[in-house]
Amino acid sequence: LRPYGMDAPRDVVRVQMMVKNGVANEWPYHAFAGMRERASHARVEASLQESVRFSLSPTETPSRADTLLLVSGGYLPMLGGRAVRGRTLQPSDDSPGASPVVALNYRLWTTRLNSDPAIVGSTVWLSGAPVTVVGILEPAFTGPKDNPPTFWAPSGSYAAIHRDPAIERTSGMQVAVIGRVTASGDRAVAASELSTIAAALPDVGIRNETGGLEPATGVQLDGASSPVDGPDS
């Protein structure tokens, strides 16, 4: 079972939304923000996967699409994502008004960029938007994914990269939520606390066929340290 290069991977969980008739993989961003602010037995962070086209100049027309994972500011520090050059993403990168930045996948750096150390601190273009490279992540780190993204950027950079409204505290943008169970509690304790928080949040649930909202009734915590690490592991 591959641990994805994360620190203490058995403590990392996917936070799934429970509703009356099933389970959902994503949450509106405002629900994630509510859980992050209130939880004490788990530290929660969010991610949103997008596609971008990477280039080294504003005039270059890239022919391929790459995977970008937009993450909340504490996502990489929580998982133990470290940089072999430069630095990783930090919570301050996700602050309002912060300049758009990106961390690169090690494979991209060694293959398509020829391990050029000068790329750190330079400007690259993601779908035509200029962003600053802050670091190269360790080769062993993928996060809780079978295939790591080519790029990691803070969710605060979403507006600059996609030229869309920013992801704000009250946003309804759908995001995946992961968590790390803290030393003060086990998975069952964390699930109980997060379930109580989720059930009390307004406008959180799944839209049914008639457009009505099936409200969240709680959470299910699935292990994120390997593809087969389920809720009972």
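**Exercise 1. Place alanine 191 in this predicted model. Which helix holds alanine 191, and is alanine 191 buried or exposed?**

Solution.
- Step 1: find the element. Alanine 191 sits in helix H5.
- Step 2: check the relative accessible area. The value for alanine 191 is 16%. Buried means under 20%. Therefore alanine 191 is buried.
- Step 3: look for partners. Leaving out residues up to four places away in sequence, alanine 191 touches Val219 and Leu221.
- Step 4: compare sequence and space. Asparagine 147 is 44 residues from alanine 191 in sequence, and the C-alpha to C-alpha distance is 27 Å.

**Exercise 2. Describe how H1 and H5 pack: at what angle do they meet?**

Solution.
- Step 1: read the geometry. The angle is about 130°, and the axes lie 10 Å apart.
- Step 2: classify the angle. Angles over 145 count as roughly antiparallel, and 65 to 115 as roughly perpendicular. The angle of about 130° fits neither range, so H1 is oblique to H5.
- Step 3: give the hand. The crossing is right-handed.
- Step 4: list the contact. H1 supplies Gly34, Met35 and Arg38, while H5 supplies Glu193, Leu194 and Ile197.
- Step 5: sort these residues. There are 3 nonpolar, 1 polar and 2 charged.

**Exercise 3. Follow methionine 35 into the core. Which residues are in contact with methionine 35?**

Solution.
- Step 1: start in H1, residues 29-38, where Met35 is buried.
- Step 2: name the partners. Beyond neighbours within four places in sequence, methionine 35 contacts Val15, Trp27, Val44, Val177, Leu194, Ile197 and Leu201.
- Step 3: step back to the core. The largest nonpolar core has 48 residues, and Met35 is among those with the most contacts inside it.
- Step 4: note the other core. A second, separate one has 18 residues, including Leu69 and Tyr75.

Technical notes. Residues numbered from 1 in each chain as written. Predicted model: local features only at pLDDT ≥ 70, side-chain atom pairs only at ≥ 80, totals over all residues. Heavy atoms only, no water. Core = buried A, V, L, I, M, F, W, Y, C linked by side-chain atoms within 4.5 Å. Buried < 20%, exposed > 50% of the residue type's maximum accessible area, 1.4 Å probe, protein only. Contact = heavy atoms within 4.5 Å. Helix = DSSP H or I, 4+ residues; strand = E, 2+ residues; numbered from the N terminus. Axes fitted to C-alpha atoms, helices over the stretch in contact; angles between N-to-C directions. Parallel < 35°, antiparallel > 145°, perpendicular 65-115°, else oblique. Left-handed = near helix turned anticlockwise from the far one by under 90°. Nonpolar A, V, L, I, M, F, W, Y, C, P; charged D, E, K, R; others polar.
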